[in-house]
Amino acid sequence: MSLIRELYHRLFWSHCPICGSRFKKYLDGGTDAPVWIELHGVGAGRRPSTCPQCGSSDRERLVYLYLKDYFLPKQKKEHIKCLHIAPERQLSFFLSRQTNIEYNASDKRAEGYYYPDNVQDIDIMSMPEIPDNTYDLVICNHVLEHVPNDITAMKELRRIIKYKGTAILQVPYALKLQKTIDNPTITTPEARFKAYGQNDHVRLYGMDYPKRLKEAGFYVDIENITKKYSKKRGLNKDENIFICHKL
């Protein structure tokens with residue numbers, strides 16, 4: 001009977017690629033802001049996205065799978081200096097265990113939040129403590145939508161990666177929005193929730209997001225790997241990976 005149950009779980013239950021757990025379904029995560037439904041939000045909105053065992057999100061699993069199956073196999077013999085901004089817990093564990101990765105983590109510290117001791121207090125709009133051309137890999141996953149001046153932050157991220165380096169710069173975006181909404185008069189949590197889908201977001205990215213990255217000096221390679229994985233992995237089929245390099 002246990003063999004039949006195991007086969008049933010393998011065939012029909014969800015399977016987190018990070019922790020390996022199997023379960024009936026992912027837990028709901030994200031906000032229920034109407035703007036995500038109206039504009040077809042990607043990487044945002046209320047959706048079954050959270051692993052009930054390890055707590056990983058769909059966006060975390062996407063970056064994990066890209067690194068594990070695409071990026072790192074090509075870099076086995078290379079020493080990689082990595083900066084992980086606002087580090088997700090499971091992705092941080094994975095990267096810090098890789099023998100060829102020199103792992104660094106940073107975040108802009110705020111009251112009321114817990115930060116592990118290894119997380120440096122850094123504001124990505126200004127990073128004078130980091131020299132030019134320092135990192136081979138920078139991961140910034142759903143951070144830029146919180147930053148007052150994202151173009152300034154993008155230029156700083158470009159400055160600190162090496163010319164052959166890679167920056168993975170993920171944001172939530174809306175498929176039905178051509179131009180990013182970035183209105184400095186929208187300042188209250190309530191107004192931001194209505195306009196941007198979350199009370200601590202300061203803009204809503206549209207399909208011009210790659211153009212904004214290019215304006216900051218990046219070459220942008222847009223990839224979608226979700227269709228190569230089973231739905232059991234809990235990925236958003238519309239979520240692209242924005243892989244950035246210095247021009």
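Buried means under 20% relative accessible area, exposed over 50% and partly exposed in between, computed with a 1.4 Å probe on protein chains only. The model is predicted: local features need pLDDT of at least 70, side-chain atom pairs count only at pLDDT 80 or more, and totals for chains, interfaces and linings use all residues. Residues are numbered from 1 along each chain as its sequence is written, and side-chain values use heavy atoms, with hydrogens and water left out.

**View 1. Strand β6 and its two partner strands.** Strand β6 covers residues 80-85, and 5 of its 6 residues are buried. Strands (E, at least two residues) and helices (H or I, at least four) are DSSP runs numbered from the N terminus. Two strands pair if DSSP finds at least two bridges between them. β6 pairs with β7 in the parallel sense over 6 bridges, and His84 has Ala105 of β7 as its bridge partner. From β6 the chain passes through α4 to β7 in a right-handed β-α-β crossover. Right-handed here means that, with the strands pointing away from the viewer, the path from the first strand over the helix to the second runs clockwise. β6 also pairs with strand β9 (residues 135-141), again parallel, over 4 bridges; Leu83 stands opposite Val138 in β9.

**View 2. The open sheet and its edges.** The sheet is open, has 7 strands in the order β8-β7-β6-β9-β10-β13-β12, and is mixed in its pairing. β8 (119-121) and β12 (218-223) each have a single partner strand, so one side of each is left without a neighbour in the sheet. From one strand to the next the twist averages 25 degrees. Angles run from 0 to 180 degrees between N-to-C directions, and axes are lines fitted to C-alpha atoms, for helices over the stretch in contact. At the β8 edge, β7 and β8 run parallel and are joined by 3 bridges, with Asp107 opposite Asp121 in β8.

**View 3. Helix α4 and the loop after it.** Gln90, Leu91, Ser92, Phe94 and Leu95 are buried in α4. Their cover includes α3 (58-71), β6, β7 and β9. Gln98 is in the loop between α4 (89-96) and β7 (101-107) and counts as partly exposed because its relative accessibility is 23%. A polar atom of the Gln98 side chain lies 2.9 Å from the backbone oxygen of Phe94. The C-alpha atom of Gln98 is 9.8 Å from that of Lys76, which is 22 residues away along the chain.

**View 4. Thr166 in strand β10 and helix α5.** Thr166 lies in β10 (residues 161-170) and is buried, with a relative accessible area of 6%. Not counting residues up to four places away in sequence, Thr166 touches Phe71, Asp136, Leu137, Val138, Ile161, Ile243, Cys244 and His245; contact means heavy atoms within 4.5 Å. Helix α5 (residues 150-160) lies across β6, β9, β10, β12 and β13 (241-246), and runs at about 140 degrees to β10.

**View 5. Cysteines without disulfides.** A disulfide is a pair of cysteine sulfur atoms within 2.5 Å, and by this rule the count is 0. The closest cysteine sulfur to that of Cys16 is in Cys19, at 3.8 Å, which is too far for a bond. Cys19 is in no disulfide either, as its nearest cysteine sulfur, that of Cys51, is 3.7 Å away. Cys16 is buried at 0% relative accessible area, whereas Cys19 is partly exposed at 31%.

Conventions: A polar contact is a pair of N or O atoms within 3.5 Å; within protein, one must be able to donate a hydrogen and the other to accept it, and residues adjacent in sequence count only if both atoms are side-chain atoms.
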